[in-house]
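These entries record what I looked up on aromatic contacts and surface patches. I began with the surface and then turned to the rings.

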Amino acid sequence: MGRFGAVVFIALLVLVCGSVRVRSDGSDHRYKDGESVPLYANKVGPFHNPSETYRYFDLPFCVPDHVKEKKEALGEVLNGDRLVSAPYKLDFLQEKDSVSVCEKKLSKEEVAKFRAAVDKDYYFQMYYDDLPIWGFIGKVDKEGKEPSDFKYYLYKHIHFDIFYNKDRVIEINVRTDPNALVDLTEDKEVDVEFLYTVKWKETTTPFENRMDKYSQSSSLPHHLEIHWFSIINSCVTVLLLTGFLATILMRVLKNDFVKYAHDEESAEDQEETGWKYIHGDVFRYPKHKSLFAACLGSGTQLFTLTVFIFILALVGVFYPYNRGALFTALVVIYALTSGIAGYVATSFYCQLEGSNWVRNLLLTGCLFCGPLFLTFCFLNTVAIAYTATAALPFGTIVVIVLIWTLVTSPLLVLGGIAGKNSKAEFQAPVRTTKYPREIPSLPWYRGTIPQMAMAGFLPFSAIYIELYYIFASVWGHRIYTIYSILFIVFIILLIVTAFITVALTYFQLAAEDHEWWWRSFLCGGSTGLFIYAYCLYYYYARSDMSGFMQTSFFFGYMACVCYGFFLMLGAIGFRAALLFVRHIYRSIKCE
């Protein structure tokens with residue numbers, strides 16, 4: 001299995017690294033004087049709604065004679081990128097001053113379209129020699145107090161400042177001329193001439209460092225200070241709590257071991273209490289064991305996926321504006337790791353003496369993909385209704401379905417067969433009695449929901465500061481590049497989840513409640529529910545998102561992400577609790 005795993009991992013790295021480095025026109029980025037440099041218009045959309053983007057020429061800009069669509073990789077399409085040739089010609093080292101792109105008479109409908117776009121703070125995005133550029137398409141003059149007094153202007157003159165080093169483009173900046181405006185306030189036809197100016201300047205920045213300016217924005221000293229402060233804060237909290245829990249557990253367990261050893265010596269018939277006396281029930285298999293094994297398999301697969309994504313991030317594959325790299329990596333790695341889900345689920349199901357392993361395998365395959373697919377179908381329909389670029393073309397959907405049928409499903413089945421044939425036995429250090437012992441009535445705070453609330457709060461408190469930066473990057477226009485800090489936060493999250501689940505499992509067993517299997521999984525995964533609650537807070541308090549499409553995209557896809565977290569952390573919590581329970585029952589002599 002080790003050699004096979006290594007081969008799969010190398011193939012996966014080659015596949016992902018190969019598929020994510022997107023080039024415009026496959027050029028080597030070297031140009032001669034006067035040579036054409038590729039400039040692609042990507043998309044336009046409201047600044048505060050990052051998922052709601054439209055094709056550049058959905059707005060009535062000047063359309064070039066031959067609109068050429070760029071072929072795109074899978075990740076770019078998933079990212080909502082639709083690159084087409086832009087109407088501007090920025091040939092290498094050729095300066096231009098107020099050159100006309102086209103003259104146009106805007107109809108009333110086109111004026112209304114532009115005005116609505118300016119009102120919603122529409123921005124445009126382009127790529128010049130693979131460097132991203134943005135600008136706003138217009139501005140609103142809010143001199144009057146009433147919205148009816150607002151004036152709407154369209155920028156008609158764009159300035160491109162391009163920096164070059166020998167035969168390569170290093171940097172490009174775009175500014176709009178604040179004096180060259182077209183008034184769109186009234187519903188009437190307007191004559192407009194779109195202009196552009198190009199200035200070239202020499203720089204000494206080497207080509208290899210041209211992407212640095214995009215990644216530096218998230219590594220500015222004050223941002224880094226906040227990140228490190230949050231990490232140190234989390235670490236201290238975690239160390240204190242972990243130390244506190246460890247001390248209590250060690251002391252309590254030590255006392256328990258001494259007491260139980262003493263009880264063994266004094267053979268008086270006394271009332272049995274505590275975790276030792278449910279030893280005959282503690283390894284009784286859980287209810288709905290097929291679903292339990294499927295949750296464990298899916299959670300383990302998602303954990304492996306997260307680790308691989310972190311490896312790629314730390315190696316530097318996801319540099320800023322590497323269009324769609326993350327989406328490509330997620331799809332490819334998820335497909336290739338499905339064998340892990342099949343193996344873990346089926347082998348654990350067979351350990352629990354389950355008989356219908358085929359149904360278990362089907363359940364494992366659909367547990368995460370099913371809700372994700374349903375969410376995708378609904379959101380894609382919304383995007384199609386909005387004619388947004390987030391709507392996937394038919395060809396891309398076919399590719400994803402093919403990946404699922406030709407890679408994911410076969411690997412899942414192979415993993416399942418390997419798991420069934422592993423013939424591993426469930427190692428219970430004590431025998432299970434024939435009849436289950438009755439669980440004593442417990443106070444309300446010992447119930448599943450209060451325990452989940454306790455278990456989820458602690459890990460969430462360790463990550464919530466970092467969550468803001470991730471949300472601002474995924475659902476905003478910030479750039480997130482400090483993956484090393486994120487990795488440390490992830491490790492902290494795992495440690496806290498494991499520890500709190502172990503502590504709550506101990507208290508549950510001490511209260512003679514032996515149904516700890518599902519409880520440990522639910523307590524571990526409850527952080528996912530806290531993250532979803534944070535989504536509500538972020539949407540209403542920290543973002544300016546609006547409109548049905550953006551709202552449904554935000555809450556729909558975040559529900560899938562939080563569900564993934566629930567499964568992954570649940571699997572971690574259960575594994576930690578299982579190790580702990582095996583350990584303490586192995587340490588005492590039980591009849």
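Entry 1, nonpolar surface. I located Ile 488 in helix 12 (residues 483-510) of this predicted model. I looked up its relative accessibility and found 31%; Ile 488 therefore counts as partly exposed, since that class lies between 20% and 50%. I then noted that Ile 488 joins Trp 228, Ile 232, Val 236 and Leu 240 in a nonpolar surface patch of about 470 Å². Helix 5 (residues 221-265) gives the most to this patch, with 4 residues.

Entry 2, aromatic pairs. I obtained a count of 59 aromatic pairs. For Phe 92 and Trp 200, I read 5.2 Å between the ring centres and 75° between the planes, so the pair is edge-to-face. I placed Phe 92 in the loop between strand 3 (84-85) and strand 4 (96-106) and Trp 200 in strand 12 (residues 190-202); the pair therefore ties together parts that are 108 residues apart in sequence. I found both Phe 92 and Trp 200 to be buried.

I next examined Phe 471 and Tyr 534, an edge-to-face pair with 5.3 Å centre to centre and 90° between the planes. Phe 471 belongs to helix 11 (residues 448-474) and Tyr 534 to helix 14 (residues 527-542), so I recorded a link between distant parts of the chain, 63 residues apart. Phe 471 and Tyr 534 are both buried.

Entry 3, charges over rings. I found the charged end of Arg 168 over the ring of Phe 207, at 3.9 Å from the ring centre. I also found the charged end of Arg 542 over the ring of Tyr 468, at 4.5 Å from the centre.

Conventions. Residues numbered from 1 in each chain as written. Predicted model: local features only at pLDDT ≥ 70, side-chain atom pairs only at ≥ 80, totals over all residues. Heavy atoms only, no water. Phe/Tyr/Trp six-rings, centres within 6.5 Å; stacked < 30°, edge-to-face > 60°. Helix = DSSP H or I, 4+ residues; strand = E, 2+ residues; numbered from the N terminus. Buried < 20%, exposed > 50% of the residue type's maximum accessible area, 1.4 Å probe, protein only. Lys NZ or Arg CZ within 6 Å of the ring centre and 35° of its normal. Patch = residues over 30% accessible without salt bridge, like charges linked within 9 Å, V, L, I, M, F, W, Y side chains within 5 Å. Areas by Shrake-Rupley, 256 points an atom, 1.4 Å probe, with all protein chains shown as cover. Salt bridge = Lys/Arg side-chain N within 4 Å of Asp/Glu carboxyl O.
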